[in-house]
Amino acid sequence: MLKVHTPSDIYAPIGPYAQAVEATSVQRLLFISGTMGLTPEGNLAGDFEAQAHRVWSNIDATLAAAGMGRQNLARLTVWLASASDWRRGAEIRQDYLGDHKVAMSVVQAGLVNPDWLIEIDAIAVE
């Protein structure tokens, strides 16, 4: 269903992601809105690491609600309040994704709430 492309005539990925992901047979697309480190009660998880884990728990729950899993993820955009969290965020992401590669961007930006340290939006396919 998902085919990874890494063209040999451009730069190699600088991390465990794909330059491009092709959905070869799509029945459904799931667009996941920006997801923050909020608990089901609406409370913000603590530090960056806690927020990042909560973001991934929220993404897992959203995928499950659609009858999908992490293997359906094709595209991520990771929004970080601080560039200094880039490496730890990548480690946590890979803990969740394992060998599954997605097309992605990581952007440092001022998030709407100054207490939010990470936000991720995603596209999943089936």
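Reader: Which residues make the nonpolar surface patch of about 280 Å²?
Author: Happy to start there, and keep in mind that this is a predicted model. One member sits in the loop between β1 (2-5) and β2 (20-23). The patch, about 280 Å² of nonpolar surface, is made by I14, W86 and V106.

Reader: Is I14 buried or exposed?
Author: The loop between β1 and β2 holds I14. A residue counts as exposed when its relative accessible area is over 50%. I14 has 67% relative accessibility, so the word for I14 is exposed.

Reader: In which order do the helices and strands follow along the sequence?
Author: Let's begin with the count: the chain has 2 helices and 6 strands. Reading along the sequence then gives the pattern β-β-β-α-β-α-β-β.

Reader: What is the radius of gyration of the chain, and how does it fit a compact globule?
Author: The C-alpha atoms fill a box of roughly 40 × 35 × 25 Å along the principal axes. For 126 residues, a compact globule would have a radius of gyration near 14 Å. The chain agrees with that, at 15 Å.

Reader: What share of the contacts with a separation of 6 or more comes from residues 24 or more positions apart?
Author: Here is one such pairing to picture: a salt bridge joins the side chains of E126 and R28, and these two lie in parts that are 98 residues apart in sequence. Among contacts in the chain with a separation of 6 or more, residues 24 or more positions apart account for 74%.

Reader: How much of the exposed area do carbon and sulfur atoms supply?
Author: For background, buried residues make up 37% of the 126 residues in the chain. The chain exposes about 6800 Å², and the part supplied by carbon and sulfur atoms is 52%.

Reader: Which residue's backbone oxygen lies 2.7 Å from a polar atom of the Q19 side chain?
Author: Q19 is in the loop between β1 and β2. Beyond its neighbours within four places in sequence, Q19 is in contact with several residues, including H5, T6 and I10. The backbone oxygen lying 2.7 Å from a polar atom of the Q19 side chain belongs to Y11.

Reader: Is Q51 buried or exposed, and which backbone nitrogen does its side chain reach?
Author: Q51 belongs to helix α1 (residues 48-65). Its relative accessible area is 1%, and because buried means under 20%, Q51 is buried. Not counting residues up to four places away in sequence, Q51 touches G37, L44, A45, G46, D115, W116, L117 and I118. At 2.8 Å, the Q51 side chain reaches the backbone nitrogen of L117.

Reader: Why does the salt bridge between E126 and R28 tie together distant parts of the chain?
Author: The two side chains meet with N to O at 2.7 Å. E126 lies in the segment after β6 (118-125) and R28 in the loop between β2 and β3 (29-35), so the parts they tie together are 98 residues apart in sequence.

Reader: Which residues are linked with R88 in a network of salt bridges?
Author: R88 forms a salt bridge with E49, with the closest N and O atoms 3.1 Å apart. This pair links distant parts of the chain, as R88 is in helix α2 (residues 86-97) and E49 in helix α1, 39 residues apart. R88 is partly exposed at 28% relative accessible area, and E49 is partly exposed at 34%. The residues linked with R88 in the network are E49 and E91.

Reader: Which residue in helix α1 meets R70 in a salt bridge?
Author: A search of the whole structure finds 4 salt bridges. In the one with R70, N and O are 2.5 Å apart. R70 is in the loop between α1 and β4 (73-80), and its partner in helix α1 is 10 residues apart from it. That partner is D60.

Reader: Which side chain makes a polar contact of 3.2 Å with W79?
Author: W79 lies in strand β4 and, at 28% relative accessibility, counts as partly exposed. Leaving aside neighbours within four places in sequence, its contacts include V107, L117 and D121. The side chain joined to W79 by the 3.2 Å polar contact is that of D121.

Technical notes
Residues are numbered from 1 along each chain as its sequence is written. This is a predicted model: local features need pLDDT of at least 70, side-chain atom pairs count only at pLDDT 80 or more; totals for chains, interfaces and linings use all residues. Side-chain values use heavy atoms; hydrogens and water are left out. Patches are made of residues with over 30% relative accessible area and no salt bridge: like charges are joined within 9 Å, nonpolar side chains (Val, Leu, Ile, Met, Phe, Trp, Tyr) within 5 Å. Accessible areas come from the Shrake-Rupley method with a 1.4 Å probe; for residues, only the protein chains shown count as cover. Helices (H or I, at least four residues) and strands (E, at least two) are DSSP runs, numbered from the N terminus. Buried means under 20% relative accessible area, exposed over 50%, partly exposed in between (1.4 Å probe, protein chains only). The radius of gyration is taken over C-alpha atoms; the globule rule is 2.2 Å times the number of residues to the power 0.38. Contact means heavy atoms within 4.5 Å. A polar contact is a pair of N or O atoms within 3.5 Å; within protein, one must be able to donate a hydrogen and the other to accept it, and residues adjacent in sequence count only if both atoms are side-chain atoms.
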